[in-house]
Amino acid sequence: MNLNTNKTINSFRSVSRFTVIAVYVLILVGGIVRSTGSGMGCPDWPKCFGSIIPPTHVDQLPANYQEIYLEKRITKNERFVASLSKFGFEETAREIAEDKSILIEEEFNATKTWIEYLNRLLGVVIGFLIILTVWKSIPLWKVDRLIPILAFVSLILVLFIGWIGSIVVSTNLLSWIITVHMILALLLVAILIIANHRSYRFTKSKGINRDVPNKVEQILYIGLLLVFIQVVLGTQVREQIDQISTDLGNMLRGEWVERVGLNFLIHRSFSLLLLGVHLLYFFWAFKYTLRRSQINLWSQLLIGLILLEIATGMGMAYCSIPAFLQPLHLIFGSLIIGVQVILILQLREQKQYRLNTTRI
């Protein structure tokens, strides 16, 4: 491989890695937005109160600003409902059309407005980073066509995520749309990680001299599925918490978990299953991989993140859901999925290398 190709690969590798980190920062900031109740800090999208730079005081807004932005959201929701009906989602469209909570317009709060505004600015930065990732991937078409394809898919996905974000605002933080928004963000991370990982195939040393049984990879796939299910369960619990907090006027936090009921019990119990599966994976990974190998080190990080995820979950359950733990719980769960994807890619690569060596 010539020097120019090496420089091209290294450049793509650096940009794509930084983009993955930036997306995780955005997920963390999104958690802060939600834990502070700032999701409707800007009642319109993509601007904030009709401006590129939002106001700092209510006096900068028209006296009837709530009616103005409510009307804009209603108009956008009508188009969204019509689109859902057109594609056969009549029941969902009807539920949105009849949801009276969407018609509630929040009063201006400068702190919440600027928290949401900074979240959007970071989203714009992510967009430019992904465009740069696509640009850096184009020269790699000749060596690995899948890399630019994945980069382009990530660009399409981030545009779709941005549109979903606008629907989140227009529907006044409709719970299931927030869940879709989160799942798409995790899918974006996975795609970027895969593209970045493939860029190491040309230069990474293959000094692997131990066989890892297929069962190690297989149980990791099971773990990934369980974590995804747990994330969905967690979003359902969070949706109920949001509704309960609204009903109680954001007071009596000690009663929120008790009022969730069965969904919380399932979410809590499911974490024990998740922990058991990953402890088994960790035991096998420790047994069959070299000490200080990449797989071994990433496996240690994985089990550490799972323990932190469970610890923050327990902290929220037994300490009246402290606001600062909510974004931490979210980011740990997101990081777990990213590390699982990395480990699966490494295990598959190791298996492929072993098969190629055997043929030789």
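**Exercise 1. Is Arg292 buried or exposed?**

Solution. This is a predicted model, so the answer rests on computed values.
Step 1. Find the residue. Arg292 sits in the loop that links helix 9 (262-288) and helix 10 (294-318).
Step 2. Take its relative accessibility, which is 71%.
Step 3. Apply the cut-off: exposed means over 50%. Arg292 therefore counts as exposed, at 71%.
Step 4. Check the backbone. The phi of Arg292 is near 65 degrees, a positive value in a residue other than glycine.

**Exercise 2. Find the backbone features of the loop between helix 1 and helix 2.**

Solution. Start with the peptide bond, then turn to phi.
Step 1. The bond from Trp45 to Pro46 is cis, and its omega is near 5 degrees.
Step 2. Place Pro46. This residue belongs to the loop between helix 1 (3-35) and helix 2 (65-86).
Step 3. Look at Phe49, which is also in the loop between helix 1 and helix 2. Its phi is positive, near 55 degrees, although Phe49 is not glycine.
Step 4. Recall the background. Most peptide bonds are trans, and most residues other than glycine have a negative phi.
Step 5. Test burial. Buried means under 20% relative accessible area. Phe49 has 7%, so Phe49 is buried.

**Exercise 3. Describe the fold by its elements and its extent.**

Solution. Count first, then look at the whole chain.
Step 1. The protein has eleven helices and zero strands. Read from the N terminus, the order is α-α-α-α-α-α-α-α-α-α-α.
Step 2. Box the C-alpha atoms along the principal axes. The box is roughly 75 × 50 × 40 Å.
Step 3. Compare with a globule. For 360 residues, a compact globule would have a radius of gyration near 21 Å. The protein has 23 Å, which agrees.
Step 4. Look at the contacts between residues at least 6 apart in sequence. Of these, 79% join residues at least 24 apart.

**Exercise 4. Which residues have the most contacts inside the largest nonpolar core?**

Solution. Go from the core to one of its residues.
Step 1. The largest nonpolar core holds 74 residues. Ile27, Leu188, Tyr281 and Leu302 have the most contacts inside it.
Step 2. Ask what gives the most to this core. That is helix 6 (residues 175-198), with 13 residues.
Step 3. Follow Leu188 outward, leaving aside neighbours within four places in sequence. Leu188 then contacts Val23, Ile130, Ser154, Leu157, Val158 and Ile161.
Step 4. Look for another core. A second, separate one has twelve residues, including Trp256, Val257, Val260 and Met316.

**Exercise 5. Summarise burial, surface and charge.**

Solution. Three totals are needed.
Step 1. Burial: 45% of the 360 residues count as buried.
Step 2. Surface: the protein exposes about 19,100 Å². Carbon and sulfur atoms supply 66% of this area.
Step 3. Charge: there are 34 positive and 24 negative charges. Their mean positions lie 19 Å apart.

**Exercise 6. Sort Asn250, Met314, Leu308 and Leu159 by exposure.**

Solution. Exposed means over 50% relative accessible area, and partly exposed runs from there down to 20%.
Step 1. Asn250 has 52% relative accessibility, so Asn250 counts as exposed. This residue is in the loop between helix 7 (214-247) and helix 8 (256-260).
Step 2. Leu159 has a relative accessible area of 56%, so Leu159 is exposed. Leu159 belongs to helix 5 (residues 146-170).
Step 3. Met314 is in helix 10. With 48%, Met314 is partly exposed.
Step 4. Leu308 is in helix 10 as well. At 41%, Leu308 counts as partly exposed.

**Exercise 7. Set sequence distance beside distance in space.**

Solution. Use C-alpha to C-alpha distances.
Step 1. Asn250 and Asn196 are 54 residues apart in sequence and 42 Å apart in space.
Step 2. Leu308 and Ile191 are 117 residues apart in sequence, with 25 Å between them in space.
Step 3. Leu159 and Cys42 are 117 residues apart in sequence, and 19 Å separates them in space.
Step 4. Met314 and His329 are 15 residues apart along the chain, with 9.9 Å between their C-alpha atoms.
Step 5. Finish with direct touch. Not counting residues up to four places away in sequence, Asn250 touches Ser245 and Trp256.

How values were computed
Residues are numbered from 1 along each chain as its sequence is written. This is a predicted model: local features need pLDDT of at least 70, side-chain atom pairs count only at pLDDT 80 or more; totals for chains, interfaces and linings use all residues. Side-chain values use heavy atoms; hydrogens and water are left out. A nonpolar core is a set of buried Ala, Val, Leu, Ile, Met, Phe, Trp, Tyr and Cys residues joined through side-chain atoms within 4.5 Å. Buried means under 20% relative accessible area, exposed over 50%, partly exposed in between (1.4 Å probe, protein chains only). Helices (H or I, at least four residues) and strands (E, at least two) are DSSP runs, numbered from the N terminus. Contact means heavy atoms within 4.5 Å. The radius of gyration is taken over C-alpha atoms; the globule rule is 2.2 Å times the number of residues to the power 0.38. Accessible areas come from the Shrake-Rupley method with a 1.4 Å probe; for residues, only the protein chains shown count as cover. Lys and Arg count as positive and Asp and Glu as negative; His and the chain ends are not counted. The place of a charge is taken as NZ of Lys, CZ of Arg, CG of Asp or CD of Glu.
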